[in-house]
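This briefing is for a reader who is new to the structure shown below. Please keep the sequence and the model in view while reading.

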Amino acid sequence: MIYEQIDRNKRKTYLIFFIFFLILAAIGSFLGLYFFDNLYTGIVIALIIAIVYTLITYFQSTSIVMQMNGARKLNSAKDAPDLWHIIEDLSMVADIPLPDIYIIDDPSPNAFATGRDPQHSAVAVTSGLYKMMDREELEGVLAHEISHVRNYDIRVSTISVALSSAIILICSIIGNAYRWWIPMRDDDRNNNNSGVIRLVLWVVGLIFAIIGPLIASLVQMAISRNREYLADVSGAELTRNPQGLINALEKLEQSTKPMKRVDDASAALYIDDPTKKKHFSGLFDTHPPLDKRIEALKKTFE
Amino acid sequence: MNTIIIIVVIVVLIGAYAGMYNSLVKYRNRAREFSSQIDVQLKRRTDLIPNLVETVKGYATHEKETLAHVVELRNSVTSANSLQDKVDADNELTGALRQIFALAENYPDLKANQEFSQLMEELSNTENKVSYARQAYNSQVQAYDTAIQTFPRNIIAGIHGFKEMNFLQIPDVDKEAPKVKF
C-alpha cells in the first residue's frame with residue numbers, strides 16, 4: 001500500500017513536470033515573439049530562469065517555507081517534550097529519520113510537513129494546535145504529517161510549490177518588461193504563412209502569461225486535495241488508533257479562527273485550510289472539507 | 001554455444017540464490033533490531049523508576065505499599081529473561097504506574113512538582129515508545145515469517161536453518177482511566 005503510494009507520487013511528479021513545462025513553453029514563446037522576435041530564445045530564457053529558480057527553491061525549501069510562515073525551530077526535547085516525543089515515536093514506527101521540528105506562534109490550530117525526502121524533512125505545528133490537542137489527538141495529527149513525509153508527498157508538494165513560484169516570477173518579469181521595454185523588430189511582419197502560426201503562438205503565449213500563475217496554483221491545489229485523504233488513512237494506520245485523528249479533525253472543524261499570517265504558496269501544505277474559508281468545495285480549495293475527511297476515516301476503520 | 005548457456009544459467013541461479021538468502025538475512029536483522037529497541041526502551045523505563053519513587057516518597061508518605069509494589073514490578077522486568085516475559089512484566093508495571101499518576105491528584109504539591117511532571121512525561125514517552133517498538137517488531141516478524149514460509153525462499157530458509165519468530169502477545173491496552181482505591 002505504502003509502496004504503491006510512493007510509486008504513484010513518483011508518477012505524479014513527472015506529470016507535474018510535464019504540465020509545468022507546457023505552461024513555461026507557452027509563456028516562453030510569447031516572451032520570445034514579443035521581445036526578441038525569436039520563439040526559441042524566449043523558451044530557452046524562460047526554461048533557464050525556471051530551472052535555476054526551481055532548483056534554488058527546491059534545495060532551500062524547508063527554510064524558505066518555515067521563514068514565510070514565521071516558524072521557529074526546536075533544538076531539543078526540552079522545548080516541547082510531548083510534541084518532540086510523539087514525533088520521535090512516530091518516526092520510529094514509520095521507519096524514517098527524525099524530522100526537524102518547528103513551532104509557529106499562532107492561536108489557530110494547524111500543522112504541516114515539508115521537505116524533499118524523509119532524510120530532509122520538517123514538521124511544524126502552531127502553538128494553538130499544541131495547546132488545544134491532548135496527547136492522543138496530537139498523535140493523530142502528527143501521524144498524518146509523518147505519513148506525508150513517508151509517502152514522499154512532501155517532495156511532490158515542494159516541487160509544485162517551487163515550479164509554480166517560478167512561473168509566477170517569470171510572469172511578473174514579463175509584466176514589468178511589458179511596461180518598460182519597447183520591443184525591437186526589424187520589419188513589418190513577413191507576410192508568408194508562418195505569420196499565422198506566429199500570431200497563434202503569440203496569442204496562446206499571452207494567454208498563458210496572464211493565466212499561467214492561476215493554472216499553476218490550480219494544479220497544485222488539485223494535487224493537494226487528493227493527498228489529504230490518503231495521509232489521514234495512512235496516519236491512522238501508523239498509530240493504530242483512528243479515533244485520535246478523528247477527534248483532532250473535529251476540533252479543527254470547530255475552530256473558525258484563521259491563521260494570522262498565511263502565505264498563499266504554502267497554504268496547501270497545512271493539515272487544514274489556514275484561511276478557514278467556509279464555502280462550497282470548488283476548484284480553488286486546497287483541502288477537502290473536514291467533515292468529509294472525518295466521514296472517510298470512520299468508514300475506513302469501521 | 002552450449003557451454004555459454006550453461007554458464008549463464010549457473011550464474012543466474014547463483015545470483016538468485018544469493019539474492020534470496022540476503023533478503024532473508026535482512027528481514028531477520030530488522031526484526032532483531034526492533035526487538036533490541038524494545039529492550040532499550042524497557043531498560044530506560046526501569047532506570048527512571050527509582051527517581052520516580054524517590055520523588056513521590058517525599059510527598060506521599062502513606063503510599064508505601066503502592067511504591068513497594070512498583071519497585072517489585074520494576075525488578076521483575078529487569079530480571080525477566082525472555083523478551084515476552086519482560087513485556088508481560090512491563091504491562092503490569094504500566095498499571096501500577098498509572099496508579100501513581102492518579103494518586104498525584106491527591107497531593108497537589110506533588111502534582112505541581114517540576115521533577116515529578118518531567119518524570120511523568122518521560123515515563124509515558126517511554127511507554128509509548130515500547131508500544132510502538134512492539135508494533136514495529138510484530139510487523140517485521142510478520143514480514144520475516146512470510147518470507148521464510150513462501151516459495152522459493154522457504155527452500156533456502158530450510159537449508160540455512162532460518163527459524164520462525166514469534167509475535168509478542170500483548171493484551172489490548174485499555175484506555176480506561178485507572179481506578180484508585182481510597
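The points below cover the annotated sites of chain A, the contact between the two chains, and one loop residue of chain B.

The model is predicted. In chain A, the unreviewed UniProt entry places an "active site" feature at Glu145(A) and a "binding site" feature at His144(A), His148(A) and Glu228(A). Chain B touches chain A through 14 of its residues, which meet 16 residues of chain A.

**The annotated active site**

- Glu145(A), which carries the "active site" feature in the unreviewed UniProt entry, is part of helix α5 of chain A, a helix made of residues 135-150.
- The relative accessibility of Glu145(A) is 0%, so the residue counts as buried.
- Beyond its neighbours within four places in sequence, Glu145(A) has contacts with Ala111(A), Phe112(A), Ala113(A), Val123(A) and Ile271(A).
- With one of these residues, Ala113(A), there is also an approach to the backbone: the side chain of Glu145(A) comes to 3.1 Å from the backbone nitrogen of Ala113(A).

**The annotated binding site**

- The "binding site" feature of the unreviewed UniProt entry names His144(A), His148(A) and Glu228(A). These residues span 85 residues in sequence, but their C-alpha atoms are never more than 8.6 Å apart, so they gather at one spot.
- His144(A) sits in helix α5 of chain A, and His148(A) is placed in helix α5 of chain A as well.
- His144(A) is buried because its relative accessible area is 0%.
- His148(A) has a relative accessibility of 3% and therefore counts as buried.
- Leaving out neighbours within four places in sequence, His144(A) is in contact with Glu228(A), Ala231(A), Asp232(A), Gly235(A), Leu245(A), Ile271(A) and Arg293(A).
- With the same kind of neighbours left out, His148(A) is in contact with Ala113(A), Asp153(A), Ile154(A), Arg227(A), Glu228(A) and Ala231(A).
- Glu228(A) thus appears among the contacts of His144(A) and among those of His148(A).

**Where chain B meets chain A**

- Together, chain B and chain A bury about 1,300 Å² between them, and 47% of this area is on carbon and sulfur atoms.
- There are 4 salt bridges between chain B and chain A. One of them joins Lys129(B) to Asp89(A), with 2.8 Å between the closest N and O atoms.
- Between chain B and chain A, 8 residue pairs are in polar contact, with both residues at pLDDT 80 or more.
- On the side of chain B that touches chain A, the elements giving two or more residues are α1 (2-59) and α5 (114-149) of chain B.
- The largest share of that side, 10 residues, is supplied by α5(B).
- Sorted by class, the side of chain B that touches chain A consists of 4 nonpolar, 5 polar and 5 charged residues.

**A loop residue of chain B**

- Asn113(B) is located in the loop that links α4 (108-112) and α5 of chain B.
- Its relative accessibility is 15%, and Asn113(B) therefore counts as buried, the cut-off being under 20%.
- The side chain of Asn113(B) reaches to 2.9 Å from the backbone nitrogen of Phe116(B).
- Apart from neighbours within four places in sequence, Asn113(B) is in contact with Thr55(B) and Tyr59(B).

Note on methods
Residues numbered from 1 in each chain as written. Chains lettered and ligands numbered in written order. Predicted model: local features only at pLDDT ≥ 70, side-chain atom pairs only at ≥ 80, totals over all residues. Heavy atoms only, no water. UniProt positions renumbered as here; feature names shortened; annotations may be inferred. Helix = DSSP H or I, 4+ residues; strand = E, 2+ residues; numbered from the N terminus. Buried < 20%, exposed > 50% of the residue type's maximum accessible area, 1.4 Å probe, protein only. Contact = heavy atoms within 4.5 Å. Polar contact = N/O pair within 3.5 Å; in protein donor to acceptor, adjacent residues only side chain to side chain. Buried area = accessible area lost by both parts, 1.4 Å probe. Salt bridge = Lys/Arg side-chain N within 4 Å of Asp/Glu carboxyl O. Nonpolar A, V, L, I, M, F, W, Y, C, P; charged D, E, K, R; others polar.
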